[in-house]
Amino acid sequence: MFVRIVKLSFHEENISAFLENFESIKDRIRSAPGNRLLELYQDKSNKNIFFTYSYWETEADLEAYRKSEFFNEVWTFTKKLFNDKPEAWSVDKLASLA
């Protein structure tokens, strides 16, 4: 399993559109084959910056999702709202203490 972290930065006037859209699609993202967790965070000091954390069984699962028609629709909508280029990292989880 690995973690995908995506940093998204929006124009202030587009934040509500992003959040409304995320609310309507989050269950479909979470139910994508291989997805084990989906979380959304908002930066405490810069409210325009958000992060998604998603856990995937395999890199092939993430790539299949990223090549899906659904992802294309989501990304086409979301990228119009950005005020900066998104950044993404795929990382291996080494430890988790709960």
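Visitor: By class, how many residues of the lining of the largest pocket are nonpolar, polar and charged?
Guide: In this predicted model, the lining of the largest pocket is made up of 22 residues. Sorted by class, that lining holds three charged residues, four polar ones and 15 that are nonpolar.

Visitor: Which element supplies the largest share of the lining of the largest pocket?
Guide: Several elements take part, since β1, α1 (15-30), β3, α2, α3 (69-79) and β4 each give at least two residues to the lining. The residues nearest the centre of this pocket, whose volume is about 410 Å³, are V6, T52, Y65, F71 and W75. The largest share of the lining, five residues, nevertheless comes from α1.

Visitor: Which strands stand at the edges of the sheet, and why is one side of each left without a neighbour?
Guide: The four strands form an open sheet, antiparallel in its pairing, with the order β2-β3-β1-β4. Each of the two edge strands has a single partner strand, so one side of it lacks a neighbour in the sheet, and these strands are β2 (35-42) and β4 (87-92).

Visitor: Which residue in β3 does V3 stand opposite?
Guide: Strand β1 (residues 2-9) runs antiparallel to strand β3 (residues 49-56), and eight bridges join the two. Within β3, the residue that stands opposite V3 is Y55.

Visitor: What angle does the direction of helix α2 make with that of β1?
Guide: Helix α2 (residues 59-66) packs on the sheet, where it touches β1, β3 and β4. Between its direction and that of β1 the angle is about 35°.

Technical notes. Residues are numbered from 1 along each chain as its sequence is written. This is a predicted model: local features need pLDDT of at least 70, side-chain atom pairs count only at pLDDT 80 or more; totals for chains, interfaces and linings use all residues. Side-chain values use heavy atoms; hydrogens and water are left out. Two strands pair if DSSP finds at least two bridges between them. Contact means heavy atoms within 4.5 Å. Axes are lines fitted to C-alpha atoms, for helices over the stretch in contact, and angles run from 0 to 180 degrees between N-to-C directions. On a 1 Å grid over the protein atoms alone, a cavity is a set of points where a 1.4 Å probe fits but cannot get out, and a pocket is an open set with protein on both sides within 12 Å along at least five of seven lines; lining residues have an atom within 4 Å of a point. Grid points are joined across faces, edges and corners, and a volume is the space filled by probe spheres set on the points. Ala, Val, Leu, Ile, Met, Phe, Trp, Tyr, Cys and Pro count as nonpolar, Asp, Glu, Lys and Arg as charged, and the others, Gly among them, as polar.
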